Each structure stands twice: as structure tokens, then as C-alpha cells.
Amino acid sequence: MVKDFQIDTIRSQFPLLHQRVNGSELIYLDNAATTQKPSAVIEAIDHYYRKINSNVHRGVHHLSVQATNASEEARGLVQQLLNARKVEEIIFTSGTTESINLVANSYGRRNLKEGDEVLISTLEHHSNIVPWQLICEEKKATLKVIPINDAGELNLEDYYALLSERTKLVAVNHVSNALGTLNSIKEMCSAAKKVGAVFLVDGAQAVAHLKVDVQDLDCDFYCFSGHKFYGPTGIGVLFGKEDILEEMPPFLGGGEMIKSVTFEKTSFNELPYKFEAGTPAIAQMVGLAEALRFWFSIDHQSLFQYEKELLAYASDSLKEISELKIYGDAKNKLSVISFNVGNIHPFDLGTLLDQMGIAVRTGHHCTEPLMNRFGIPGTVRASFAMYNSFSEVNRLKKAIEKAVDLLS
């Protein structure tokens with residue numbers, strides 16, 4: 001185990017973890033759905049509402065200036081997190097889903113035409129499938145799907161074969177929420193550029209588990225959600241390259257996204273505000289800023305190595321259980337173990353684990369096409385974060401064995 005990663009110090013900062021559920025100490029293993037929040041994030045949001053609460057950008061009074069400064073600090077911190085070239089390339093949304101819909105409806109509606117092709121992968125979350133289905137249907141474009149192998153890995157040769165001059169956009173997740181597969185985004189992006197395609201990355205499952213550098217990846221868009229990154233719900237990020245964002249029309253109309261309005265014509269605000277109509281999620285921006293400060297305070301090299309060792313230990317431990325099958329055995333994967341045991345329904349197993357204080361996710365994980373690829377209705381998913389421990393893995397294993405005995 002990584003000696004210099006202070007798991008007890010980390011855990012002490014997350015108040016929700018320190019409780020009992022159904023008479024047992026809580027083990028929270030549903031981090032791919034949402035992470036818990038450190039006290040600093042909770043306190044920052046509380047402080048905003050108690051001491052600062054005011055609308056932003058247009059007010060000249062003291063509270064409005066404070067609220068503007070506190071919320072806008074998040075934008076610079078996100079730029080630092082992603083290594084974006086300019087702060088204007090950081091757009092706030094409600095989450096990854098809205099970010100993808102923004103690109104589909106703004107970039108896609110303007111640029112796609114009949115006969116064009118959009119590529120996604122078998123690994124995608126519904127939020128990176130449905131928006132492209134809708135816009136392709138509207139524009140009479142074709143949606144094509146990159147297949148996977150039995151280990152849950154994208155076959156890059158198949159991907160390269162799908163690319164052509166008709167490919168206008170590729171949208172792929174960085175890390176699969178259902179299997180944990182880490183995709184070769186840099187190589188995929190480079191190949192897409194050779195045929196002139198724009199590349200979007202769903203980074204919802206990636207930013208909390210690896211270093212993301214959008215300039216190094218050379219992607220055109222990158223999306224993530226605050227609530228999967230130790231921050232609040234209701235706030236997300238869309239990174240977009242400045243030249244592409246400048247050419248895109250607004251997604252929503254209203255206040256703040258305008259420069260001037262008359263009944264005859266409206267001119268639009270500069271980046272990033274052109275895409276941020278209405279009152280933003282101010283408290284959530286403040287909370288996200290604090291989550292980012294918390295993130296920057298951690299030794300990432302130690303964290304990433306710790307999470308790698310924890311995942312390997314959990315995988316090896318669970319494989320010792322008779323009839324347990326793990327779905328997704330990619331050579332490069334992060335933070336997620338999806339599994340079933342024999343003919344036991346995932347919901348039944350998850351329910352019994354909950355009775356023993358262990359929170360896991362069951363079902364198709366918003367990846368129905370991926371579940372269909374494996375011929376299953378769903379899985380039990382244990383997903384890990386920086387505050388999970390080796391002893392929790394041991395308890396998970398014992399609880400699964402007990403649940404299997406009861407269900408058998």
C-alpha cells in the first residue's frame with residue numbers, strides 16, 4: 001500500500017462516511033454515481049447562503065461583487081485542472097449531460113448535414129448516446145458505433161476503419177462508468193483530426209482519478225460534472241476550444257448571454273457568457289471552487305497509485321468468490337468493478353448488501369446497449385474513491401459471500 005497516502009486524514013474530512021446504516025458502519029461504494037463531499041465544500045456553500053447570497057455580474061453593491069468574485073474563482077480553477085489555454089474556454093452547465101446536449105444542439109445543429117457521420121462507442125452512457133441520436137435524426141446524419149472486445153476495450157483498428165471524410169464528430173467517454181475502461185483518448189483524437197472530425201470527451205468518470213490535460217489530448221470539447229468530483233450537484237463544465245466556441249450559436253436565450261437586445265435584433269455576449277443564459281448556479285460554483293481547492297491540496301501521484309492498488313486488490317479479492325464474474329477486464333481501467341454472481345439478480349444482491357451497510361449501484365448504469373452487448377440485464381457495481389479503504393474491500397467480500405449464501 002502507498003505509505004505516504006494518509007487515508008485516515010482523507011476520510012476524516014468527509015462527514016457523511018461516519019455513520020451507521022442498518023446497524024453497520026457505512027461503506028460507500030457508489031462513487032461513479034456521485035461522490036461524497038468534504039466538509040470544506042459543505043461549509044463553503046453554507047457560508048455563501050449565510051453571508052454572501054446575491055445575484056452576480058450586474059450588481060454594483062458589496063454582496064453582488066462578493067458573490068461574483070466567489071463564483072468566478074471556480075472558472076480559473078477549472079482552467080487549471082484541465083490545463084485549458086484560456087479561462088474563456090470554460091463554460092458552466094448543470095452537468096455532463098447538459099454539456100453534451102449543448103454541443104449536440106449548437107455545434108451539431110449548425111454543422112451536421114445529410115450524409116454526415118457521428119461516431120460514438122459501445123461504452124457510452126445514455127447521455128452520450130441520446131443527444132447524438134436526436135440530432136442525427138433531425139439532420140439526416142448517421143450514427144455509427146465503435147465495438148468493444150470481451151474485456152470491455154475499444155478495438156482501435158475497428159475505430160480507424162470507421163473514420164472517413166464523412167465523419168464530422170467523435171464523442172467518446174474517457175473512462176467507462178459501467179466497466180471502468182480507460183480509453184486511448186489522445187490516439188483516438190489524433191486519428192479523428194486526420195479526417196477533419198471534431199472530438200468530444202465525456203470526462204465524468206475521469207477527472208477524479210487521473211490528470212487531464214486538454215491541450216495534450218488536443219480534444220475539442222471535454223465535459224465533466226461537479227458532483228462526481230467531490231463537489232455539489234447541479235454544476236458541470238464544458239471545455240471547448242475558443243475558435244470553435246466562437247463560431248457556435250447560443251444554446252439557450254435569456255439574460256447574461258446577450259450584449260444588446262432590441263425587438264429587431266439581439267447581439268450576443270462574449271465567451272464564456274454566450275453559453276450561460278440566466279442566473280447561474282452560484283452556490284454550486286462556490287462549492288465547486290472549494291472542491292477544486294481540496295483537490296489541489298492532495299498529492300495526486302500518491303492518490304492515483306493508491307487507487308490503482310485498491311482496485312487491483314478488490315478485483316483479486318472478488319475473483320476468489322465462486323461464480324462471481326467481473327464484466328470489464330481491460331488492461332487499463334480505473335475505479336470500477338461491475339459483477340454478477342451466478343444467476344442471482346443484481347437488485348437482490350444489492351439489496352442484501354445494503355442491509356449490511358454497503359452502498360453499491362445495481363442495474364444497467366444508464367448503459368443499456370453495453371449490457372445488451374454482454375447479454376445481461378445489469379450488474380452490481382462497486383465504484384471507488386479516495387476515501388475507500390482495503391478493510392472496506394474485505395468487508396465487501398465477506399458481505400457478498402454472506403448474501404450469496406442467503407440467496408442460494
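This is a short walk through one protein model, from its overall build to a handful of single residues.

Okay, so the thing to keep in mind is that this is a predicted model. Let's start with the whole fold. The protein has 14 helices and 17 strands. Its radius of gyration is 22 Å, close to the 22 Å that the globule rule gives for 408 residues, so we can call it as compact as a globular protein of that length. If you put a box around the C-alpha atoms along the principal axes, you get roughly 70 × 55 × 35 Å.

How much of it is buried? Of the 408 residues, 55% are. And the contacts reach a long way along the chain: take contacts between residues at least 6 apart in sequence, and 71% of them join residues at least 24 apart.

On the outside, we have an accessible surface of about 17600 Å², and carbon and sulfur atoms account for 49% of that. As for charge, I count 40 positive side chains and 50 negative ones, with the centres of the two sets 1 Å apart.

Now, cysteines. How many disulfides does a search of the whole structure find? Zero. Cysteine 136, for one, is in no disulfide, and the nearest cysteine sulfur, on cysteine 223, is 16 Å off. Cysteine 136 is also buried, at a relative accessible area of 3%. Then there's cysteine 219, again in no disulfide, where the nearest cysteine sulfur belongs to cysteine 189 and sits 6.0 Å away. That is outside the 2.5 Å cut-off for a sulfur pair, so the two don't count as a disulfide. Cysteine 219 is buried too, with a relative accessible area of 0%.

Next, some backbone oddities. As a reminder, most residues other than glycine have a negative phi, and most peptide bonds are trans. Here's one that isn't trans: the peptide bond from leucine 271 to proline 272 is cis, with omega near 0 degrees. You'll find proline 272 in the loop that runs between strand S12 (266-268) and helix H10 (282-296).

Which way does phi go at tyrosine 230, positive or negative? It's positive, about 70 degrees, and tyrosine 230 is not a glycine. This residue is in the loop between strand S9 (221-225) and strand S10 (236-240). With a relative accessibility of 1%, tyrosine 230 is buried.

Cysteine 366 also has a positive phi, near 55 degrees. Look for cysteine 366 in the loop between strand S16 (361-363) and helix H13 (368-374). Its relative accessibility is 31%, which puts cysteine 366 in the partly exposed class.

Last stop: a few residues in helices. I'll take three glutamates and a histidine. Glutamate 72 is in helix H3 (residues 62-82). Buried or exposed? Glutamate 72 comes out at 17% relative accessibility, and the cut-off for buried is under 20%, so it counts as buried. What does glutamate 72 touch, if we skip residues up to four places away in sequence? His57, Tyr273 and Met285. For that histidine, the C-alpha to C-alpha distance between glutamate 72 and histidine 57 is 9.5 Å, with their positions 15 residues apart in sequence.

Glutamate 392 is in helix H14 (residues 390-407). This one is buried as well, at 7% relative accessibility. Leaving out residues up to four places away in sequence, glutamate 392 touches Arg11, Leu26, Ile27 and Tyr387. Isoleucine 42, on the other hand, is 350 residues away along the chain from glutamate 392, and their C-alpha atoms are 25 Å apart.

Glutamate 137 gives us a contrast. Its place is helix H5 (residues 130-139). At a relative accessible area of 65%, glutamate 137 is exposed. From its C-alpha to that of serine 94, which is 43 residues away along the chain, is 25 Å.

And finally histidine 47, in helix H2 (residues 39-52). Histidine 47 is partly exposed, at 42% relative accessibility. Its C-alpha is 22 Å from that of leucine 17, and the two residues are 30 apart along the chain.

That's the tour. To leave you with the cysteines once more: zero disulfides in the whole structure.

Conventions. Residues numbered from 1 in each chain as written. Predicted model: local features only at pLDDT ≥ 70, side-chain atom pairs only at ≥ 80, totals over all residues. Heavy atoms only, no water. Helix = DSSP H or I, 4+ residues; strand = E, 2+ residues; numbered from the N terminus. Rg over C-alpha atoms; globule rule 2.2 N^0.38 Å. Buried < 20%, exposed > 50% of the residue type's maximum accessible area, 1.4 Å probe, protein only. Contact = heavy atoms within 4.5 Å. Areas by Shrake-Rupley, 256 points an atom, 1.4 Å probe, with all protein chains shown as cover. Lys, Arg positive; Asp, Glu negative; His and termini not counted. Charge placed at Lys NZ, Arg CZ, Asp CG, Glu CD.
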